[in-house]
Amino acid sequence: MSKAFTKENDADDDDGDGGGLPPLPAGGKNYITPTGYARLRSELLDLMDVERPKVVEAVHWAAKNGDRSENGDYLYGKKRLREIDRRIRFLTKRLEIAEVTDPSVHYGSDQVFFGSTVRYADDNGEEREVTILGIDEANSAHAQVSWISPIARALLKAREGDVVKLATPGGVRDIEVLAVNYPASTSKPR
């Protein structure tokens, strides 16, 4: 078979545009909290049961209106349908390999594990707080970082009072763990 007719990489098709999220590390697991899993599952179901049928109906209606090459509704609808299908494939794959990890099992612990909220101070005395979550649920605008981020990797398994090294583009910095908190309980997916 000619190389021209083979798909080079399935991940390029789904991870690239599927949500703008980084690929999983080689051999890594897709850890996610029960809340994050429920949110992604809800998005998937909404896309399949609500959004996609609406767009299919609009494309069907636009296709009946004549010349498709100059039909903006038809062209936009087909493009939107491809985007929805790509996101559905991406979410399906990510949810299939998701390893749901409940951070509440560590409630009361002073050691940093997945799902913890950590307050720390850098070597300048500036305090910050981050919550360590899964790749698919972390949002830096809400002080949430992925468990594979440099700050999370430096903090994981440290305890309150520990000083850890964080490699930054400006050099290695000392980070002191001030407090570690976990949610009291979370709900299970489904």
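A hairpin joins strand E6 to strand E7 through two residues. This is a predicted model, and the hairpin is a good place to enter it. E6 covers residues 163-168, and E7 covers residues 171-181. The two strands pair in the antiparallel sense, over six bridges. Look at two of those bridges. Alanine 167 has valine 172 in E7 as its bridge partner. Valine 163 has glutamate 176 in E7 as its bridge partner.

Now widen the view to the sheet. Five strands form an open sheet, in the order E5-E4-E3-E7-E6. The pairing in this sheet is mixed. Which strands stand at the edges? They are E5 and E6. Each has a single partner strand, so one side of each is left without a neighbour in the sheet. The sheet is also twisted from strand to strand: neighbours are turned by 45 degrees against each other on average, direction ignored.

Step back to the whole chain. The protein has four helices and seven strands. Read from the N terminus on, the elements run α-β-α-α-β-β-β-β-α-β-β. The protein has 190 residues, and 34% of them count as buried. Take the contacts between residues at least 6 apart in sequence: 61% of them join residues at least 24 apart.

Next, go inside. The largest nonpolar core has 20 residues. Val112, Ile132, Leu155 and Val177 have the most contacts inside this core. Which elements give two or more residues to the core? They are strand E3 (117-122), strand E4 (127-133), helix H4 (150-155), strand E6 and strand E7. The largest share, four residues, comes from H4. There is also a second, separate core of 17 residues. Its members include Ile32, Leu40, Ala62 and Ala63.

Pick out one residue of the largest core, isoleucine 132. Leave aside residues up to four places away in sequence. Isoleucine 132 then touches Val112, Phe114, Gly115, Ser116, Val118, Val145, Trp147, Ala152 and Leu156.

Two of those contacts, Phe114 and Trp147, lead to the aromatic rings. A pair of aromatic rings is described by the distance of the centres and the angle of the planes. How many aromatic pairs are there? The count comes to two. In one pair, tyrosine 31 and phenylalanine 114 lie 5.9 Å apart, centre to centre. Their planes are 45 degrees apart, and the pair is tilted. This pair links distant parts of the chain. Tyrosine 31 is in strand E1 (residues 30-32), while phenylalanine 114 is in the loop between strand E2 (98-100) and E3. The two residues are 83 residues apart.

The other pair joins tyrosine 31 to tryptophan 147. Here the centres are 5.3 Å apart and the angle between the planes is 75 degrees. That angle is over 60 degrees, so the pair counts as edge-to-face. This pair, too, links distant parts of the chain. Tryptophan 147 is in the loop between strand E5 (144-146) and H4, 116 residues from tyrosine 31. Together, Tyr31, Phe114 and Trp147 form one aromatic cluster.

Are these three rings buried or partly exposed? Phenylalanine 114 is buried, with a relative accessible area of 11%. Tryptophan 147 is at 12% relative accessibility, so tryptophan 147 counts as buried. Tyrosine 31 is at 26%, so tyrosine 31 counts as partly exposed. The reason is the cut-off: buried means under 20% relative accessible area.

Move along the chain to threonine 33. Threonine 33 lies in the loop between E1 and helix H2 (34-63). Because its relative accessibility is 6%, threonine 33 counts as buried. What does threonine 33 touch, not counting residues up to four places away in sequence? Its contacts are Val100, Thr101, Pro103, Phe114, Leu133 and Glu137. Phe114 thus turns up again here.

Finally, ask how far to trust the picture. The protein averages a pLDDT of 83, and 82% of the residues score at least 70. Confidence is highest in E4, at 95. Confidence is lowest in helix H1 (residues 10-15), at a mean of 43. Over residues 1-18, the pLDDT is below 50. This stretch still has 19 contacts in the model, beyond near neighbours in sequence. Where pLDDT is low, the predicted coordinates should not be read in detail.

Technical notes
Residues numbered from 1 in each chain as written. Predicted model: local features only at pLDDT ≥ 70, side-chain atom pairs only at ≥ 80, totals over all residues. Heavy atoms only, no water. Core = buried A, V, L, I, M, F, W, Y, C linked by side-chain atoms within 4.5 Å. Buried < 20%, exposed > 50% of the residue type's maximum accessible area, 1.4 Å probe, protein only. Contact = heavy atoms within 4.5 Å. Phe/Tyr/Trp six-rings, centres within 6.5 Å; stacked < 30°, edge-to-face > 60°. Pairing = 2+ DSSP bridges. Axes fitted to C-alpha atoms, helices over the stretch in contact; angles between N-to-C directions. pLDDT = per-residue confidence, 0-100.
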